[in-house]
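Got your viewer open? Here's a short tour, one selection at a time.

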Amino acid sequence: MARSPMFLLLGTAIAICAGCDKGDNLGGPRQYFESNKVGSSPDYAIVKWNNPTDHVATVHGFMDDMKSCQIMADALNKDACAETGGKGCLNPFSCQPLNH
């Protein structure tokens with residue numbers, strides 16, 4: 001008996017939604033790096049508006065993770081400023097240490 005495309009679509013939707021109620025895992029990277037430093041320097045998070053839950057990127061594995069993080073945050077801030085035509089540049093991105 002051939003299965004209809006609708007049956008396959010329904011099966012796929014059920015499989016995808018099976019994990020829908022598990023909630024977010026926004027703190028996952030932060031929790032991992034709190035107890036697992038990568039390399040010899042502290043690892044950093046690029047966050048938006050100094051909000052740890054608005055974790056944009058994790059910076060690790062460089063000789064100086066803070067310096068590399070700041071370079072990336074500065075580039076993101078420059079891009080954000082360009083989006084406003086250079087008006088109201090508030091530098092929303094910053095670096096926060098994840099471990100020591």
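Start by selecting strands 1 and 2: they pair in the antiparallel sense, with five bridges between them. Keep in mind as you click around that this is a predicted model. For a close-up of that pairing, pick Val47 and look across to strand 2, where His55 stands opposite.

Now add strand 3. Strand 1 pairs with strand 3 as well, again in the antiparallel sense and over five bridges. One pair to click on here is Ala45 and its bridge partner in strand 3, Gln96. In general, strands of a sheet pair through backbone hydrogen bonds.

Zoom out to see the whole sheet. Its three strands run in the order 2-1-3, and the sheet is open. Strand 2 (51-59) and strand 3 sit at the edges with a single partner strand each, so one side of each has no neighbour in the sheet. Turn the view and you can follow the twist, which averages 40° from one strand to the next.

While strand 3 is still selected, how many of its five residues are buried? Four of them are, so to speak, tucked away: the strand is mostly covered.

Time for the helices. Show helix 2 next: it lies across strand 1, strand 2 and strand 3, and runs at about 65° to strand 2. Then show helix 3, which packs on the sheet and touches strand 1, strand 2 and strand 3. The direction of helix 3 makes about 160° with that of strand 3.

Next, select Tyr44, Ile46, Val59, Cys69, Ala73, Ala80, Phe93 and Cys95. These eight residues make up the largest nonpolar core. Strand 1 (44-48), helix 3 (65-83) and strand 3 (93-97) each supply at least two of them. Which element gives the largest share? Helix 3 does, with three residues.

Stay in the core and centre on Phe93. Leaving aside residues up to four places away in sequence, Phe93 touches Ile46, Val47, Lys48, Val56, Ala73, Leu76, Asn77 and Ala80.

Last stop: Arg30, which you'll find in helix 2 (residues 28-35). Arg30 is buried, yet has no salt bridge. The nearest side chain of opposite charge belongs to Glu34, 5.5 Å away. What does Arg30 touch, not counting residues up to four places away in sequence? Its contacts are Ala45, Val47, Pro52, His55, Gln96, Pro97 and Leu98. You've already met some of these: Val47 and His55 stand opposite each other, and Ala45 and Gln96 are bridge partners.

How values were computed:
Residues numbered from 1 in each chain as written. Predicted model: local features only at pLDDT ≥ 70, side-chain atom pairs only at ≥ 80, totals over all residues. Heavy atoms only, no water. Helix = DSSP H or I, 4+ residues; strand = E, 2+ residues; numbered from the N terminus. Buried < 20%, exposed > 50% of the residue type's maximum accessible area, 1.4 Å probe, protein only. Lys, Arg positive; Asp, Glu negative; His and termini not counted. Salt bridge = Lys/Arg side-chain N within 4 Å of Asp/Glu carboxyl O. Contact = heavy atoms within 4.5 Å. Core = buried A, V, L, I, M, F, W, Y, C linked by side-chain atoms within 4.5 Å. Pairing = 2+ DSSP bridges. Axes fitted to C-alpha atoms, helices over the stretch in contact; angles between N-to-C directions.
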